[in-house]
Amino acid sequence: MSSESFPQSVYVTISKSEFDALMALPALLEKLARRVAELEEKLGQNSTNSSKPPSSDPPGTRKKPQRPSGQSKGGQPGHKGKGRALFEQSKITRTKICKPSSCAGCGHDLAEVSGSTFQRAHVMDLPQIIPDITEFLLQAVDCPCCGQTARGELPAHAAHSAFGPGVIALLANLTGRCRMSRRDAKWLLEQELDDQIGLGTLPRLEPIASDALGPSYAEVKGQVPTAPVLGVDDSAWKERKQYKVGYIASTPGWALIQIEDKKDHETAKAFLAGFSQTLVSDRGSTYSFYSGIRQTCLSHTDRHFLCMASRGESSRLVGRPLLDAMDQLWSNWKSYRNEKTTFEQMSESMVPIQGKMFGLLLGGTKVDHKKTAKTCRNFLNVFDSLWEFTRDPAVPPTNNDSERGLRPLVRLRKNSFGSQSEAGTTFTARILTAAETCRRRGKNLFNFLKSTVQAHLAGLRYPLILAPD
């Protein structure tokens, strides 16, 4: 065999710096691979596997898949159905008797036959809206003593605007709570009132409603220090080109929405000034300063576990069992919420789940995925705060109630791009506080707004938003 059939060796002389660069390539490739994995994970984050709000989800985001229960679709046996109840007799405007003309069986004429029983059915409709227009005649009177002419003055409630409390309250409801643009609100008011309204008139009516809601807003804010359990959350807001933060503090009976310049410990401390009871929040650092009793939201915890399970093999071995433990936790909680078990039984059923989760998190601190190990350590630092709901029946396991209360602010920000002035920001906080508090207390928002604006314009005593109807 000739020597030409063997490959010839080629030797290349390189410098020490080039040799070091070649030796560093494997480490560099590993570093780049980790970076690509981190960016892909960040790109795939949404409200189902992180603490990102649902408003940030791109189109087509799928919710967390639920495991099949094996039951058929629709209402299950034992489910309490909900139907529309009949109105009270005092609310009935008119009554009409619908009598059959003939028998469906034999065709006998029933015109002269009287019936003994009635089946009630109610139909509600809107009457034609006729504006209530008051004409004020400012009478001029000549003084018989000095001859000077004196003219009557408008009453206090009519001197501020050509529109009364009902129109102002409806406008505040449409633009504040219902997220209508001012042009759409103008169009609707013109359709219902059969009158032209200038677009520039609407911004002059909103401050009247805002000033009228000032005492109610202060009344709700004064409840923060005395609340036994307080749920909190926050979301972004925008005033012109300046980014701000909307905070919410809520209980089952009221909700306070306050818009501040920053999202930091000092601002959160000022927002919760005087409060020292149980705080329900997510695991974010904004409220980590709080040294009192705290319940960390388990919905956010579930999402973090899902994120861990979607990573590499070592993370999946920790995240998947943690998700299984969370599924059992939710099952036990729903049994208690549906009154199938007592609070004591629910608390006892959580003990083995606590032990399982603690062991999994402890083992997760030793996995080779740095982010998963760090997440497990962080959860161990707040592990006790995950279970306050098993010690106090008044404490919910999540801060979902606060998130729902803050959702109108998020939608309003997306529809209107925020407010354009400090006065607009104040109006937003006050109207959303009134709307959410009225909803939680079963009050009619429009009626409350109308009576509040009426009292403000007339200089009378303001109605209390926290008082029972």
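Here are a few friendly notes on the surface patch and salt bridges of this predicted model.

1. A good place to start is the nonpolar surface patch, which covers about 770 Å². Its members are I14, F19, L22, M23, L25, L28, L29 and L32. Take L29 as an example: this residue sits in helix α1, spanning residues 16–43, and counts as exposed because its relative accessible area is 56%, where the cut-off is over 50%.

2. On the charged side, the structure has 13 salt bridges. One of them joins E190 to K186, with 2.8 Å between the closest N and O atoms. Both residues belong to helix α3 (residues 182–193), where they are four residues apart, about one turn of the helix. You may like to look at this pair closely: E190 and K186 are both buried.

3. Another salt bridge brings together the side chains of D234 and K263, at 3.0 Å from N to O. This pair links distant parts of the chain, 29 residues apart: D234 is in strand β3 (residues 229–239), while K263 is in the loop between β5 (254–260) and α6 (265–271). D234 is buried at 14% relative accessible area, whereas K263 is partly exposed at 47%.

4. Finally, have a look at D401 and R440, whose salt bridge has its closest N and O atoms 2.7 Å apart. Here helix α11 (residues 400–416), which holds D401, is linked to helix α12 (residues 422–441), which holds R440; the two residues are 39 residues apart. D401 is partly exposed, with 34% relative accessible area, and R440 is buried at 14%. The pair also belongs to a salt-bridge network that includes E436 and R439.

Conventions
Residues numbered from 1 in each chain as written. Predicted model: local features only at pLDDT ≥ 70, side-chain atom pairs only at ≥ 80, totals over all residues. Heavy atoms only, no water. Patch = residues over 30% accessible without salt bridge, like charges linked within 9 Å, V, L, I, M, F, W, Y side chains within 5 Å. Areas by Shrake-Rupley, 256 points an atom, 1.4 Å probe, with all protein chains shown as cover. Salt bridge = Lys/Arg side-chain N within 4 Å of Asp/Glu carboxyl O. Buried < 20%, exposed > 50% of the residue type's maximum accessible area, 1.4 Å probe, protein only.
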